[in-house]
Amino acid sequence: VSASDDAAVDVVAPAIGIVKTVSSAEIVLGETVTYTFTVTNTGDVELINVTITDDKLGDVGTIPSLLGASMTFTRSAAPTEDTTNIATATGTDRFGNQVSATDDAFVEVGLPFTPPLDPDMSIEKSADKTEVEAGDRVTYTLTYRNVGEGDAVDIVITDDFDERYMSVVDAGGGTVAGGVITWRIGGPLSPEDGAKTITYTLKVADDLPESVARIDNVVRVSAPDDKNPDNDTDTWRVEIPEPFLPFTGGEFGVIGFGAFMALALGAFLRRLGRQVS
């Protein structure tokens, strides 16, 4: 006697795959990216209760049943720093076999471009006199400030005086060379620091020529990245009044002759008037 029997065994190979991509791998802080998650059943058996998660974004989605197909999900985010996040897809076949797959995406986050804030130095010049004579002293005041948006450094102020007619009594902390007083200010000088002043004194030459009617001197301020030249200079002028000239004997003679001629002409006209009448 004999007997036989057989049994069929289904051999299944459940498998799952996930591909994660990002809309931009480089962004500027504050920008948003979109992540795309594509889940595929790469095996030969149905997968149920497929879940997609992200270690930074949390739950992405759920697929009740997946067989021989792919499904896609998207999520948006605004990373605040360089970020690598990992997506995981997990599913189970009808026999309870669990499969999973992972993929990641990297985003580099850069700082936004900020245009530099430029300084803008301005300067004004005044003095205690507008008219001078030979030998007088003139005290000048320079008022400088940063009216821009950024800090000013390496500030240079120069005053170009006419050394033919003026000399330095007190340079106010500056250095003197070739008819120029120079002040160097390292800074930084911010717009919030307000106005600063420099005071210095010059002397008018004792032997000032009579032909000189005025004396000008010009102040200039400069600083790196100061792109506005309109307020970088100022000028102060002192006038030399014409000297008083006393009358001389010859001038009295001319005046006397003129008076005599006027009297004589008046007498002649009066006599002529009587004759006519």
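What share of the 277 residues of the chain counts as buried? In this predicted model, the figure is 30%. The chain exposes about 17,100 Å². Carbon and sulfur atoms supply 53% of that area. The secondary structure consists of 1 helix and 17 strands. Contacts often span long stretches of sequence. Of those between residues at least 6 apart, 68% join residues at least 24 apart.

Two open sheets are described here, beginning with the one that contains β2. This sheet has 5 strands in the order β2-β8-β7-β4-β5. Its pairing is mixed. The edges are formed by β2 (26–28) and β5 (58–66), each of which pairs on one side only. Neighbouring strands are turned by 25° against each other on average, direction ignored. Within the sheet, β7 (residues 83–92) and β8 (residues 98–110) run antiparallel. They are joined by 10 bridges. One bridge pair is Thr84 with Phe106, the latter in β8.

The edge strand β2 also contributes to a surface feature. Val28 is found in this strand. Together with Leu29 and Leu111, Val28 forms a nonpolar patch on the surface. The three residues have about 270 Å² of accessible area together. Is Val28 itself buried, exposed or partly exposed? Its relative accessible area is 30%, so Val28 counts as partly exposed. The class applies because this value falls between the limits of 20% for buried and 50% for exposed.

Strand β4 (residues 47–54) of the same sheet order holds a backbone feature at Asn49. Phi of Asn49 is near 50°, a positive value in a residue other than glycine. Most residues other than glycine have a negative phi. Asn49 has a relative accessibility of 54% and therefore counts as exposed. The cut-off for that class is over 50%.

The second sheet is also open, with 5 strands in the order β13-β14-β11-β16-β17. Here the pairing is antiparallel. Strands β13 (175–177) and β17 (233–239) lie at the edges, and each pairs on one side only. The average turn between neighbouring strands is 20°, direction ignored. Strands β11 (residues 155–160) and β16 (residues 214–222) pair in the antiparallel sense over 5 bridges. Across this pairing, Asp159 stands opposite Val219 in β16.

Two further backbone features occur in loops. Asp154 is placed in the loop between β10 (137–146) and β11. Its phi is positive, at about 50°, although Asp154 is not a glycine. The other feature is a peptide bond. Which form does the bond from Gly187 to Pro188 take, cis or trans? The bond is cis, with omega near 5°. Most peptide bonds are trans. Pro188 lies in the loop between β14 (180–185) and β15 (196–204).

Contacts between loop residues bring distant parts of the sequence together. Pro119 sits in the loop between β8 and β9 (121–127). Its relative accessible area is 5%, so Pro119 counts as buried. Which residues does Pro119 contact, leaving aside its neighbours within four places in sequence? The contacts include Asn146, Gly148, Gly150, Asp151 and Ala152. Also among them are Pro224, Asp225, Asp226 and Lys227. Pro119 and Ser190 are 71 residues apart in sequence. Their C-alpha atoms are 8.0 Å apart in space.

Gly148, one of the contacts of Pro119, lies in the loop between β10 and β11. At 18% relative accessibility, Gly148 counts as buried, because the class takes values under 20%. Leaving aside neighbours within four places in sequence, Gly148 is in contact with Asp118, Pro119, Asp120 and Pro191. Gly148 and Lys227 are 79 residues apart along the chain. Their C-alpha atoms are separated by 9.8 Å. Lys227 is also one of the residues in contact with Pro119.

Notes
Residues are numbered from 1 along each chain as its sequence is written. This is a predicted model: local features need pLDDT of at least 70, side-chain atom pairs count only at pLDDT 80 or more; totals for chains, interfaces and linings use all residues. Side-chain values use heavy atoms; hydrogens and water are left out. Two strands pair if DSSP finds at least two bridges between them. Helices (H or I, at least four residues) and strands (E, at least two) are DSSP runs, numbered from the N terminus. Axes are lines fitted to C-alpha atoms, for helices over the stretch in contact, and angles run from 0 to 180 degrees between N-to-C directions. Patches are made of residues with over 30% relative accessible area and no salt bridge: like charges are joined within 9 Å, nonpolar side chains (Val, Leu, Ile, Met, Phe, Trp, Tyr) within 5 Å. Accessible areas come from the Shrake-Rupley method with a 1.4 Å probe; for residues, only the protein chains shown count as cover. A salt bridge is a side-chain nitrogen of Lys or Arg within 4 Å of a carboxyl oxygen of Asp or Glu. Buried means under 20% relative accessible area, exposed over 50%, partly exposed in between (1.4 Å probe, protein chains only). Contact means heavy atoms within 4.5 Å.
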